[in-house]
Amino acid sequence: MKNVPGTGIASRQHKQESFEQAPMYVAVMTYLGFGIVTLFGYFRDFLRAVGLEKCNLAQERVEQKDFVPLYQDFENFYNRNLYMRVRDNWNRPVCSLPGPVFDLMERVSDDYNWTFRLTGRTLHNAINMGSYNYLGFAENNADFLKTVADKTQQYGVGVCSTRQEMGTLSIHEELEQLVASFLRVESSMTFGMGFATNSMNIPAIVGKGGLILSDELNHTSLILGARLSGATIRVFKHNNMHSLEKMLREAVCSGQPRTHRPWKKILIMVEVWFIIDEIMEGSVVRLSEIIALKKKYKAYLYLDEAHSIGAVGPSGRGVAELFNVNPADVDVMMGTFTKSFGAAGGYIAGKKELVDYLRSHSHSAVYASAMSPPVTEQILRAMKCIMGKDGSTEGIRRIRQLAENTRYFRARLKEMGFIIYGNDDSPVVPILLYMPGKVVAFAREMLERKIGVVVVGFPATPITEARARFCLSASHTRAMLNQVLRHMNEVGDNLCLKFSRLKYSSCPNLCDETDFELI
């Protein structure tokens with residue numbers, strides 16, 4: 001499979017992303033809404049202080065009044081007075097497979113969301129628009145999962161040892177060889193936890209005397225790994241090449257602070273789809289330009305493909321294939337198996353020297369338990385399916401279906417008048433809701449219509465950019481998407497959520513057959 005020159009995804013790599021801003025009155029009403037609920041929060045704190053209302057949240061004990069506060073003041077205030085009133089919209093208990101539809105356990109609160117109790121009833125077959133099940137491999141198909149069951153019987157569920165001791169199995173080595181082949185690099189190493197793949201490997205790659213240039217919207221795991229490394233960290237503006245080049249030029253010219261010695265290593269650290277926990281931009285990294293800057297200033301590039309590997313590119317090989325970039329130009333390729341592969345864990349891939357070094361220096365490799373055999377087999381069977389090594393075209397069908405679903409869903413939402421963020425090829429679709437009251441009403445209204453969505457607001461997003469996040473999957477049928485869109489249209493009208501002032505064509509540009517060529 002390859003890109004057709006001049007067409008398809010790769011030809012759009014230099015397209016600049018521009019996000020529509022909300023009308024001024026929306027921003028004013030948003031600030032006003034937060035101001036009102038904050039004032040009521042301080043009033044209720046006053047009632048609690050005089051004993052007229054009980055606070056059920058954790059508080060500092062009286063005998064610790066002279067200690068440094070364990071809880072941050074405003075954070076505790078926010079949880080107590082704002083989040084507590086609407087926390088029924090988060091952490092809903094799921095009691096089924098997280099496929100295109102799922103089941104939710106009904107819960108109610110008798111004390112205004114301080115505590116919940118289950119009623120024993122279940123909401124069946126709600127459409128799942130919140131899981132990162134991009135290719136639909138989180139499935140319960142006995143035929144597909146037979147090899148996983150066989151490996152479970154052969155090896156058991158856990159390894160009970162680290163990779164360096166007795167935890168390396170033949171299927172671990174098979175998976176690492178397959179990952180390297182899939183990414184078209186020399187070598188790879190897998191880890192049992194995606195978050196730890198970043199946080200525990202970055203300190204092994206760069207340390208004191210090194211410089212990390214990190215995008216301001218990078219994921220928490222990247223930020224934690226950078227902090228643990230002991231390297232100097234400088235943050236450049238999101239996807240802003242001028243900001244990055246300015247920092248690179250200054251780093252090369254000025255060197256380390258005080259001594260002005262050259263940096264031991266300069267590492268550019270970026271994420272492919274900028275998700276940053278709950279902010280969920282859905283914007284795509286400008287990889288070709290970053291590689292050009294990396295080469296110009298002799299820096300290294302660390303690329304996090306947690307949300308793109310398997311789901312992006314004509315054959316699912318990630319952003320390097322999407323932009324038609326040589327994988328050898330990316331020094332450290334990182335990704336996870338928790339999204340497109342329906343499993344768990346992550347990988348680091350690149351040159352053999354890099355991977356061999358990490359096998360003996362990465363804390364995640366030396367101290368963490370090896371990946372579970374059933375999980376390893378699940379990744380193997382999913383990756384073989386994507387690569388066509390299982391003798392079928394099911395993998396490519398799912399990749400094409402995801403691309404078609406993504407473009408169709410985004411185009412219809414724009415046509416309806418919603419403001420959405422992100423790249424047109426991103427299966428993460430953030431819809432801007434802005435006002436705190438509308439965020440809550442939207443989540444509850446969609447659940448009433450048996451549609452599960454993720455909503456998020458301040459402090460996880462900027463105060464004026466509260467949003468809902470939709471995650472598209474290849475397992476979503478057109479009928480499911482049309483049902484969601486129909487309800488979105490109704491809820492958008494009822495709650496006045498259609499803030500866009502742009503006009504879009506009623507004929508969306510869907511996935512074109514010329515975007516792909518089978519060989």
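## Exercises on a predicted model

The crossing of helices α15 and α16 is right-handed. Please keep in mind that the model is predicted. Let's work through it together.

### Exercise 1: a helix pair

Find how α15 and α16 cross, and which residues make the contact.

*Solution.*
- Step 1. Locate the helices: α15 covers residues 436-448 and α16 covers residues 478-495.
- Step 2. Look at the geometry. Their axes come within 11 Å and cross at roughly 145°.
- Step 3. List the contact residues. From α15 come Lys438, Ala441, Phe442, Glu445 and Met446, while α16 supplies Met488, Val491 and Leu495.
- Step 4. Sort them by character: 6 are nonpolar, 2 are charged and none is polar.

### Exercise 2: a small sheet

Work out the strand order of the sheet that holds β12, β14 and β15, and explain why β12 and β14 are each left without a neighbour on one side.

*Solution.*
- Step 1. Follow the pairing: the order is β12-β15-β14, in an open sheet of 3 strands with antiparallel pairing.
- Step 2. Check the edges. β12 (428-434) and β14 (454-456) each have a single partner strand, so one side of each has no neighbour in the sheet.
- Step 3. Add the twist, which averages 25° from one strand to the next.
- Step 4. Zoom in on one pair: β12 and β15 (residues 466-471) are joined by 6 bridges. Within this pair, valine 428 lies opposite cysteine 471.

### Exercise 3: a covered strand

Decide whether the two faces of β4 are covered or open, and identify the strands that pair with β4.

*Solution.*
- Step 1. Count the buried residues of β4 (residues 210-215): 6 of 6. Here, buried means under 20% relative accessible area.
- Step 2. Split the strand by face. Gly210, Ile212 and Ser214 are on one side, Leu211, Leu213 and Asp215 are on the other, and all are buried, which leaves both faces covered.
- Step 3. Find the partners. β4 pairs in the parallel sense with β6 (residues 265-271) over 5 bridges, and also in the parallel sense with β5 (residues 232-236) over 5 bridges.
- Step 4. Pick out individual bridges: isoleucine 212 is matched with leucine 267 in β6, and aspartate 215 with phenylalanine 236 in β5.

### Exercise 4: the nonpolar cores

Describe the largest nonpolar core and the surroundings of phenylalanine 409.

*Solution.*
- Step 1. Size the core: it has 97 residues, and Met129, Phe409, Phe442 and Phe470 have the most contacts inside it.
- Step 2. Find the main contributor. Helix α4 (residues 170-183) gives the largest share, 7 residues.
- Step 3. Map phenylalanine 409. Leaving out residues up to four places away in sequence, Phe409 touches Met129, Val429, Phe470, Leu472, Leu481, Val484 and Leu485.
- Step 4. Look elsewhere: a second, separate core has 20 residues, including Leu222, Tyr302, Leu358 and Ala365.

Technical notes:
Residues are numbered from 1 along each chain as its sequence is written. This is a predicted model: local features need pLDDT of at least 70, side-chain atom pairs count only at pLDDT 80 or more; totals for chains, interfaces and linings use all residues. Side-chain values use heavy atoms; hydrogens and water are left out. Two strands pair if DSSP finds at least two bridges between them. Helices (H or I, at least four residues) and strands (E, at least two) are DSSP runs, numbered from the N terminus. Axes are lines fitted to C-alpha atoms, for helices over the stretch in contact, and angles run from 0 to 180 degrees between N-to-C directions. A nonpolar core is a set of buried Ala, Val, Leu, Ile, Met, Phe, Trp, Tyr and Cys residues joined through side-chain atoms within 4.5 Å. Buried means under 20% relative accessible area, exposed over 50%, partly exposed in between (1.4 Å probe, protein chains only). Contact means heavy atoms within 4.5 Å. A crossing is left-handed if the near helix is turned anticlockwise from the far one by less than a right angle, and right-handed if clockwise. Ala, Val, Leu, Ile, Met, Phe, Trp, Tyr, Cys and Pro count as nonpolar, Asp, Glu, Lys and Arg as charged, and the others, Gly among them, as polar.
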